[in-house]
Amino acid sequence: MGLRERIVEAVEEISGRHDQQGLYGGPAGDPGLTGPGSVSWEVNGDLGAVAAAGTAAIVLEILHPSVIAGVEEHSSYREDPFRRARSTMGYVLGTTFGNTEAATRLIGTVKKIHGQVTGARPDGVAYRALDPELIAWVHTCIPWMIMTAFERFNRALSPAERNRYLAEQAVIGRMAGADTVPVTTAELAEFVAAVRPRLAVTEQTRDFLEFLQTVPSDGRPSWPVGAAVHRLTTAQAHFNVRAGMSLAPPWARRLTGLDLSPAMRSLAAMPYLGANARMIRWAFDVPPHVAMARRRALGAGRGAVAVAADG
Ligand code: HEM
């Protein structure tokens, strides 16, 4: 097996293989929710950027005490974190590259799951996942961090491209149940500033962040070499999370304590995150979901011109 295949296999083991015909194939000429020629197809088509953005997006999402309460009370992420990673990745890719009907159905399915996610936070405040503000916050963290990773590790976007990307992704956020989603970088800054006073690190947040940095021992003999290796991989997991958080704004790094010195961030964390992102992009080249979506959209006259422009 060549190096490329090894990398693809390792990435897919964690985040799944996204090549379902029913989702990415479909009616010839169907552009899906964002479409060929969109900024979304270029940005979310860079699997390296999407992967690099994951940690920062998740941590930002769960800084809302109502989100972490819902996740801690209703999610199965502790039993099977990889399944959760696969379904989240499937959502991000499926909504951008899937055919219109299947992407819409996917959003509907997840909305149905969210309909069950209600309860009260430990401080007594009632929450429901379908609260438009919570949906808007969780939605926004995803394109915000993917765009940040893409610009860091791929290419700079023009101000107009950034706005187009946010506006394209906002369609998905609104379909998921948000009322108002930022559609420009100015609105993004305003929205983050408005939500920020409500963000906090609670006991539940601390538990989640601890889990994110925990490496299971797999029941292997833990003494003496196993224990040392386990300590090292745990230390690496701590570094990985801090490296991922290097994409998040300074206030979020300070709030979570998932911070590094500026020197470590620029000399170690960013190059490490960037090397991983470029390695994944190189290994996948054109990921299967992108190739399938292009073929679908190109399948009839109306998609052909735009796909050519998409490169
Ligand atoms: C647009 C915003 C959101 C997106 C894109 C999103 C994404 C997803 C996806 C893809 C699933 C399906 C996972 C599966 O297949 O099992 C899911 C389930 C879930 N979501 Fe969300 N979510 C959003 C908002 C929220 C909010 C605001 C909360 C909490 C208040 C929340 C809590 C949950 C929980 C508890 C589950 C149950 C499944 C599990 O994690 O095991 N989500 N979400």
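**Contacts and ligand shell in a predicted model**

Student: Which residues does Val-43 touch, not counting residues up to four places away in sequence?

Tutor: In this predicted model, Val-43 has its place in helix α3, which covers residues 39–43. Once residues up to four places away in sequence are set aside, the residues that Val-43 touches are Val-50, Ile-146, Met-147, Phe-150, Leu-157 and Tyr-165.

Student: Is Val-43 buried or exposed?

Tutor: The relative accessibility of Val-43 is 0%, and the cut-off for calling a residue buried is under 20%. Because 0% falls under that cut-off, Val-43 counts as buried.

Student: What separation is found between the C-alpha atoms of Val-43 and Phe-150?

Tutor: Phe-150 is one of the residues that Val-43 touches, although the two stand 107 residues apart along the chain. In space, the separation of their C-alpha atoms is 6.4 Å.

Student: Which residues does Val-192 touch, not counting residues up to four places away in sequence?

Tutor: Val-192 is found in helix α10, and with a relative accessibility of 7% it counts as buried. Thr-140 is 52 residues from Val-192 in sequence, while the C-alpha atoms of the two are 8.9 Å apart in space. Leaving out residues up to four places away in sequence, Val-192 touches Trp-137, Trp-144 and Trp-251.

Student: Where is Ser-15 found, and which residues does Ser-15 touch, not counting residues up to four places away in sequence?

Tutor: Ser-15 is found in helix α1, residues 3–15, and counts as buried because its relative accessibility is 12%. Beyond residues up to four places away in sequence, Ser-15 touches Arg-86 and Met-89.

Student: How are α1 and α6 oriented to each other?

Tutor: The axes of α1 and α6 come within 7 Å and cross at roughly 100 degrees. Angles from 65 to 115 degrees count as roughly perpendicular, and the two helices are therefore, with respect to each other, roughly perpendicular.

Student: Which residues make the contact, and how do the residues of the contact of α1 with α6 divide by class?

Tutor: From α1 come Glu-13, Ile-14 and Ser-15, and from α6 come Phe-82, Ala-85, Arg-86 and Met-89. By class, the residues of the contact of α1 with α6 are four nonpolar, one polar and two charged.

Student: At what angle do the axes of helix α4 and helix α12 cross?

Tutor: Helix α4 spans residues 47–61 and helix α12 spans residues 225–245, and their axes come within 7 Å. The crossing makes α4 roughly perpendicular to α12, and the angle is roughly 80 degrees.

Student: How many nonpolar, polar and charged residues does the contact of α4 with α12 have?

Tutor: On the α4 side, Thr-55, Ala-56 and Val-59 take part, and they meet Val-241, Gly-244 and Met-245 of α12. Divided by class, the contact of α4 with α12 has four nonpolar residues, two polar ones and no charged ones.

Student: Of the 19 residues around the ligand, which come nearest?

Tutor: The shell around the ligand is made up of nine nonpolar, eight polar and two charged residues. Of the 19 residues around the ligand, those that come nearest are Ser-75, Ser-76, Arg-83, Arg-84 and His-114.

Student: What is the distance from a polar side-chain atom of His-114 to a nitrogen atom of the ligand?

Tutor: Two of the ligand's polar contacts involve an oxygen atom of the ligand, with an N or O atom in the side chain of Ser-75 at 2.6 Å and with one in the side chain of Arg-84 at 2.5 Å. For His-114, a polar side-chain atom lies from a nitrogen atom of the ligand at 2.8 Å.

Student: Which elements give two or more residues to the shell around the ligand?

Tutor: Two or more residues of the shell around the ligand come from each of these elements: α5 (65–74), α6 (81–97), α7 (100–115) and α8 (132–153).

Student: Which backbone nitrogen does the side chain of Thr-202 reach?

Tutor: Thr-202 lies in the loop between α10 (185–195) and α11 (203–212), and its relative accessibility of 25% makes it partly exposed. Thr-202 touches Pro-65 and Ile-68, when residues up to four places away in sequence are not counted. At 3.2 Å, its side chain reaches the backbone nitrogen of Gln-204.

Student: What is the phi value of Asp-285?

Tutor: The loop between α14 (262–284) and α15 (288–298) holds Asp-285, which counts as exposed at 57% relative accessibility. Its phi is positive, in a residue other than glycine, with a value near 55 degrees.

Note on methods. Residues numbered from 1 in each chain as written. Predicted model: local features only at pLDDT ≥ 70, side-chain atom pairs only at ≥ 80, totals over all residues. Heavy atoms only, no water. Axes fitted to C-alpha atoms, helices over the stretch in contact; angles between N-to-C directions. Parallel < 35°, antiparallel > 145°, perpendicular 65-115°, else oblique. Contact = heavy atoms within 4.5 Å. Nonpolar A, V, L, I, M, F, W, Y, C, P; charged D, E, K, R; others polar. Near = heavy atom within 4 Å. Polar contact = N/O pair within 3.5 Å; in protein donor to acceptor, adjacent residues only side chain to side chain. Buried < 20%, exposed > 50% of the residue type's maximum accessible area, 1.4 Å probe, protein only.
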